Amino acid sequence: MSTWRALLEDAERTLGDAGLPTPTIDARRIVEEAADQRDGALALVVEEPAPRLAERRVDTMVKRRRQGEPLQYVLGSWSFCGLDLFVDPRVLIPRPETERTAEVALDEAARLGLRRGRGDRWRDARGEELVADLGTGSGAIALALAGALPDAQVWGTDRSGDALAVARANLAGSAGPATRVRLVQGDWFDALPTELRGRFRLLVSNPPYVAESEVADLADEIAGHEPLDALVSGPTGLEAIERVVAGAPEFLAAAGGTLVVELAPHQAATVTQLARDAGFVEVRVERDLADRERVLVARGGEAGD
Ligand SMILES: C[S@@+](CC[C@H](N)C(=O)[O-])C[C@H]1O[C@@H](n2cnc3c(N)ncnc32)[C@H](O)[C@@H]1O
């Protein structure tokens, strides 16, 4: 029987020899997963023998990673805004940029009065304020919003039934807030009941925004493993954003609702103009952690501050 340390060293060597860029991190995450010991806890058991079954699991995960499969799919889970989400090749792996999108959306929720103070966070949660995550994929943004907004009912939509199956699994694995998330299938706003037109306070989306001509520039790890439907929008890369921006005013509350959309930095000026053309009164683009323009915030109605 090998110790966890021996498995760790073997995994690191194998992944390093395969030319992967971060073999130490990858090996550690794989062994932590097999040992069910995270956040430094592996150190406490590292000299102990690993059960045979765990050893085989490490072996399988290392083989998959060595063949270029993203670490997140190999592990089967990834962290997003403090949530531990199940991910597999049916959904896009939630990105740090999208954590920023969720953060911007939550700031906007606070401005709209949808966020509570710390003291009364969960008292009499009503789930009456309508919020949507369009193109929810794994359910990452929808669950982050539901977790932070006790009064929100969050609609998570996606065209892909496969993606919604993953989102459903994440709802099932989450505590209370998931009961205020409803998942519906359909093409952008077609997925939402028409009687909810004019009632949403916040619409959030991370739509596909890569152009077909840019696919060749994507890393193999992305293009070869993640669902291209979730990444690629069409010839210009703006097709999905155009649909979301054009459809949003009809579903937002007339007396103050906000659209928050993730975009590629080079699309910022064009999308700002699209939002103005769609009738939004106050439009800006927030930056991501790498200081690139990343998140459109388009406010409609009369609730500007
Ligand atoms: C960039 S991924 C975002 C996934 C997830 N929200 C996240 O941020 O990690 C875009 C999502 O939009 C969905 N999608 C693509 N075209 C769509 C359409 N026409 N209507 C609704 N959803 C669509 C894809 O299936 C995918 O799940």
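Let's start in the middle of things: L203 stands opposite L259, a residue of strand β9. Keep in mind as you look around that this is a predicted model. The strand to find next is β9, which covers residues 258-262 and is joined to β6 by four bridges, with the two strands running parallel. Strand β6 itself is mostly covered, and six of its six residues are buried.

From β6 you can step across to another neighbour. Strand β6 spans residues 200-205, and five bridges join β3 to β6, again in a parallel arrangement. If you'd like a spot to click on, try L134, which stands opposite S205 in β6. Strand β3 takes in residues 129-134 and is mostly covered too, with five of its six residues buried.

Now move on from β3 to β4. Strand β4 is made of residues 152-158, runs parallel to β3 and is joined to β3 by six bridges. A handy pair to look for here is V131 and V154, since V154 in β4 is the bridge partner of V131. How does the chain cross from β3 to β4? The path goes through helix α6, residues 140-148, and this β-α-β crossover is right-handed.

With those strands in view, zoom out to the whole protein. There are 11 helices and 11 strands in its secondary structure. Taken along the principal axes, the C-alpha atoms fill a box of roughly 65 × 50 × 35 Å. Does that fit a compact globule or not? A compact globule of 305 residues would have a radius of gyration near 19 Å, and the protein has 21 Å, which agrees. Buried residues make up 51% of the 305 residues. Contacts tell you about the fold as well: of those with a separation of 6 or more, 67% are between residues 24 or more positions apart. As for the outside, the accessible surface comes to about 14,300 Å², and 48% of that belongs to carbon and sulfur atoms.

Back inside, let's look at the aromatic rings. The structure holds two aromatic pairs. One of them is F189 with F251, a stacked pair at 5.2 Å centre to centre and 20 degrees between the planes. F189 lies in the loop between β5 (181-185) and β6, while F251 belongs to helix α10 (residues 239-251), so the pair ties together parts that are 62 residues apart in sequence. Both F189 and F251 are buried. Together with F200, these two residues form one aromatic cluster.

Finally, take a look at two loop residues and their backbone angles. Which residue has a phi near 55 degrees, a positive value in a residue other than glycine? That's D39, and you'll find D39 in the loop between α2 (23-35) and α3 (52-66). D39 is exposed, with a relative accessible area of 79%. C81 is another case: its phi is positive, about 50 degrees, although C81 is not a glycine. The loop that holds C81 sits between β1 (77-80) and β2 (83-86). Is C81 buried, partly exposed or exposed? At 36% relative accessibility, C81 counts as partly exposed.

How values were computed:
Residues are numbered from 1 along each chain as its sequence is written. This is a predicted model: local features need pLDDT of at least 70, side-chain atom pairs count only at pLDDT 80 or more; totals for chains, interfaces and linings use all residues. Side-chain values use heavy atoms; hydrogens and water are left out. Buried means under 20% relative accessible area, exposed over 50%, partly exposed in between (1.4 Å probe, protein chains only). Two strands pair if DSSP finds at least two bridges between them. A crossover is right-handed if, with the strands pointing away from the viewer, the path from the first strand over the helix to the second runs clockwise. The radius of gyration is taken over C-alpha atoms; the globule rule is 2.2 Å times the number of residues to the power 0.38. Contact means heavy atoms within 4.5 Å. Accessible areas come from the Shrake-Rupley method with a 1.4 Å probe; for residues, only the protein chains shown count as cover. Rings of Phe, Tyr and Trp (its six-membered ring) pair if their centres lie within 6.5 Å; planes under 30 degrees apart count as stacked, over 60 as edge-to-face and the rest as tilted.
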